[in-house]
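User: Could you take a close look at one helix of this model for me, and tell me how its two sides differ and what lies around it?

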Amino acid sequence: MAGFQIEETIVAGHAAFSKKCGLYVDPGAIAAHAKQIASLNLKATRTGVTFSASKPIPDDLVEKLAVSSRGEKGF
């Protein structure tokens, strides 16, 4: 799984599978944006959001999740 790292801390990761893709961030970032994730009918776990290539996560939500995850990690 590829990820984005600041110093020694991974703040976000992503992966592609045969039928879905995933964006993985800090659990606090998922919780902070749970309503928007649900409103877009995306599936979320405690640490990630899964989506299909035909229905990707909107760019603004990716940015919000990344910024929130970074903040949760102390950066």
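Analyst: Asp59, Glu63 and Val67 are exposed on one side of helix H3, in what is a predicted model. On the other side, Leu61, Leu65 and Ser69 are buried. Looking down the axis of H3, these buried residues fall within an arc of 65 degrees, so they line one face of the helix.

The length of H3 fits a helix too: at 1.5 Å a residue, its 14 residues should span 20 Å, and the end C-alpha atoms are indeed 20 Å apart. After the helix comes Gly74, which has a positive phi near 90 degrees.

Now for the surroundings. The cover over the buried residues of H3 includes strand S2 (9-16), S3, H1, H2 and S5. Two of those buried residues, Leu61 and Leu65, are in contact with Ile37, which also touches Ile30, Leu42, Ala44 and Val49.

Leu65 also takes us to the largest nonpolar core, a set of 13 residues in which Leu65 is among those with the most contacts, along with Val25, Ile37, Leu42, Val49 and Ile57. H3 (59-72) is one of the elements that give two or more residues to this core, together with strand S3 (21-25), helix H1 (27-32) and strand S5 (48-51). The largest share, three residues, comes from S3.

One last pair links H3 with H2 (residues 34-39), where Ser39 is found. Ser39 is exposed, because its relative accessible area is 55%, and the cut-off for exposed is over 50%. Ser39 and Lys64 are 25 residues apart in sequence, and their C-alpha atoms are 15 Å apart in space.

Methods
Residues are numbered from 1 along each chain as its sequence is written. This is a predicted model: local features need pLDDT of at least 70, side-chain atom pairs count only at pLDDT 80 or more; totals for chains, interfaces and linings use all residues. Side-chain values use heavy atoms; hydrogens and water are left out. A nonpolar core is a set of buried Ala, Val, Leu, Ile, Met, Phe, Trp, Tyr and Cys residues joined through side-chain atoms within 4.5 Å. Buried means under 20% relative accessible area, exposed over 50%, partly exposed in between (1.4 Å probe, protein chains only). Helices (H or I, at least four residues) and strands (E, at least two) are DSSP runs, numbered from the N terminus. Contact means heavy atoms within 4.5 Å. The expected span of a helix is 1.5 Å times one less than its number of residues. The arc is that of the directions from the helix axis to the C-beta atoms. Lists of a residue's contacts leave out its neighbours within four places in sequence.
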